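Here are my notes on this model, point by point. Please read them with the coordinates open.

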Amino acid sequence: MRKIIILGSSGSIGQTAIRCIKEKHLDFDIRALVARKSTSIADDAAYFKCPYLLTEGRNREEIISFLSSIDADIALNAVSGSDGLFFSKTLIDLGIDIALANKETVVLGGQFIFSDAKKNNVRIIPVDSEHSAIYNLLKGYGEDVERLIITASGGPFVDRRDLSGVTLEETLHHPTWKMGRKITIDSASLANKGLEVIEAGYLFGFDADKIDVTIHRQSIVHSLVRLTSGAVYAQLSPPDMSLPIVSALSDGHIDLNEIVRPLDFSSLSLTFEPWDRERFPMLFLAYEALRKKMAYPIAYNIADEAAVSAFIDGRIRFVDIPAVVSSVMERDFLKSVPSFSDAMEEIERAARISEEVIRNDFQDF
């Protein structure tokens with residue numbers, strides 16, 4: 001039986017994992033649940049007869065102590081935002097494999113997280129549907145893969161020409177996925193796809209000019225790889241996160257049967273379109289961050305977090321989000337980030353600069 005921890009158990013990824021394990025009677029032994037704050041975590045913990053931890057108000061030493069007491073094979077890191085880097089670093093130090101749903105771990109810590117994991121013999125298996133697809137496609141085609149093609153649903157504004165007046169309510173209405181507020185807003189701006197581009201660059205060792213993004217509204221094709229021969233291979237499944245989640249948690253140790261419904265090809269229509277740089281500059285900025293590397297991915301990630309928070313609070317408009325990120329990335333982030341402590345310094349610096357930009361440049365909004 002596979003022993004697992006679920007971090008971020010109250011969020012959409014954590015709840016999908018819990019629901020799937022219950023409904024499919026999967027051979028997972030949930031050893032612990034962790035959430036920031038939740039009214040449901042106690043009920044879930046009682047169902048699985050495991051301890052739980054609410055992290056709100058807890059310091060890092062208390063969190064490390066709790067995780068150190070848990071015997072687990074793998075942990076699902078579904079913590080949202082930049083806090084996920086701390087949890088991934090902790091799991092690596094404890095020698096626990098990671099099913100990674102927190103893309104910020106790689107965006108912020110890509111320069112050291114994989115070398116640290118290798119030293120501790122820790123496996124990092126991606127959970128995002130796009131990266132899960134690429135991860136499995138690379139198993140089959142490996143060195144023959146010349147290019148990665150990541151799909152994007154396009155979010156709620158893919159057909160809207162003027163984004164200057166969009167509201168928070170409109171932004172939170174995703175046409176395909178049900179997710180938390182931050183990731184839903186990022187999906188609307190294509191910032192989420194930008195984070196995935198940076199993540200793919202570090203995860204799979206591909207340069208920015210070897211990673212493409214295509215708008216695929218149906219969310220059936222989760223990613224594709226192009227071989228040196230010119231052939232293209234894809235992974236297709238319904239828009240359901242159950243498969244990439246349990247596939248990562250299993251990591252080949254458990255037989256997975258009927259996790260998602262089979263596709264019906266008698267009525268399946270698939271379309272692919274280019275993305276618009278003028279309307280979705282956040283994706284362009286992500287490519288720039290990946291090309292420059294150093295601390296620029298950190299600047300992109302943290303500036304986006306600050307801008308999205310300001311948008312939710314009504315301090316800036318939706319169209320101001322890329323303006324904030326662009327302004328922050330104009331600063332000097334030419335610093336290598338070889339360790340967790342170095343990353344934390346740059347995260348704090350980027351957060352300070354982001355708040356200065358929002359306060360000084362958007363105070364009349």
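**Notes on pockets, core and backbone**

1. Start with the lining of the second largest pocket: eight of its residues are nonpolar, none is polar and one is charged. The model is a predicted one. The pocket has a volume of about 170 Å³. Its lining consists of F114, A117, V122, R123, I124, P126, Y135, L203 and F204. Helix 6 (113-119), strand 6 (124-126) and helix 10 (191-204) are the elements that give two or more residues to this lining. The charged member is R123, because Arg is classed as charged.

2. Next, enclosed space. Rolling a probe the size of a water molecule over the atoms shows where empty space is left. How many cavities of 30 Å³ or more does the structure hold? It holds one. The largest cavity contains about 30 Å³ of space. Around it sit V107, L108, G110, Q111, Y202, M294, A295, P297, I298 and V337. At least two lining residues come from helix 5 (104-109), and at least two from helix 13. The lining splits into eight nonpolar residues, two polar ones and no charged ones. The polar two are G110 and Q111, because Gly is counted with the polar residues and Gln is not on the nonpolar or charged lists.

3. The largest nonpolar core has 127 residues. L76 and Y300 have the most contacts inside it. Which helix gives the most to this core? Helix 13 (residues 296-312) does, with eleven residues.

4. Look at L76 in detail. Beyond its neighbours within four places in sequence, L76 contacts I5, I6, L7, I13 and A17, among others. The list also includes A99, A101, V127, I245 and L249.

5. Aromatic pairs: the count comes to seven. Y47 and F48 form an edge-to-face pair, because their ring centres are 4.9 Å apart and their planes stand at 80 degrees. Y47 is partly exposed, at 48% relative accessible area. F48 is buried, at 15%. F86 and F87 are also edge-to-face, because their centres lie 5.2 Å apart with the planes at 70 degrees. Both F86 and F87 are buried. Separately, ring pairs join F157, F311 and F318 into a cluster.

6. Check helix 9 (residues 181-189). Its buried residues are T184, I185, D186, S187, A188 and S189. What covers them? The cover includes helix 8 (168-171), helix 10, helix 12 (281-292), helix 13 and helix 14 (320-329). Just after helix 9 comes L190, with a positive phi near 70 degrees.

7. Two buried hydroxyl residues deserve a look. S354 is in helix 15 (residues 340-361). S354 has a relative accessible area of 0%, so it counts as buried, the cut-off being under 20%. Setting aside neighbours within four places in sequence, S354 contacts I302, A303, A306 and V328.

8. The other is T105, in helix 5. T105 is buried, with 1% relative accessible area. Its contacts, apart from neighbours within four places in sequence, are N77, G84, L85, S88, L100, G110 and I113. S80 is 25 residues away along the chain, and its C-alpha atom is 9.9 Å from that of T105. G110 reappears here: it contacts T105 and also lines the largest cavity.

9. Backbone angles need a check too. Most residues other than glycine have a negative phi, and most peptide bonds are trans. D251 is a non-glycine residue with a positive phi, near 50 degrees. D251 sits in the loop between helix 11 (242-250) and helix 12. Is D251 buried or exposed? D251 counts as buried, because its relative accessibility is 15% and the cut-off for buried is under 20%.

10. E258 belongs with that point. E258 is not a glycine, yet its phi is positive, about 55 degrees. E258 is also placed in the loop between helix 11 and helix 12. E258 is exposed, because its relative accessible area is 69% and the cut-off is over 50%.

Technical notes: Residues are numbered from 1 along each chain as its sequence is written. This is a predicted model: local features need pLDDT of at least 70, side-chain atom pairs count only at pLDDT 80 or more; totals for chains, interfaces and linings use all residues. Side-chain values use heavy atoms; hydrogens and water are left out. On a 1 Å grid over the protein atoms alone, a cavity is a set of points where a 1.4 Å probe fits but cannot get out, and a pocket is an open set with protein on both sides within 12 Å along at least five of seven lines; lining residues have an atom within 4 Å of a point. Grid points are joined across faces, edges and corners, and a volume is the space filled by probe spheres set on the points. Helices (H or I, at least four residues) and strands (E, at least two) are DSSP runs, numbered from the N terminus. A nonpolar core is a set of buried Ala, Val, Leu, Ile, Met, Phe, Trp, Tyr and Cys residues joined through side-chain atoms within 4.5 Å. Buried means under 20% relative accessible area, exposed over 50%, partly exposed in between (1.4 Å probe, protein chains only). Contact means heavy atoms within 4.5 Å. Rings of Phe, Tyr and Trp (its six-membered ring) pair if their centres lie within 6.5 Å; planes under 30 degrees apart count as stacked, over 60 as edge-to-face and the rest as tilted.
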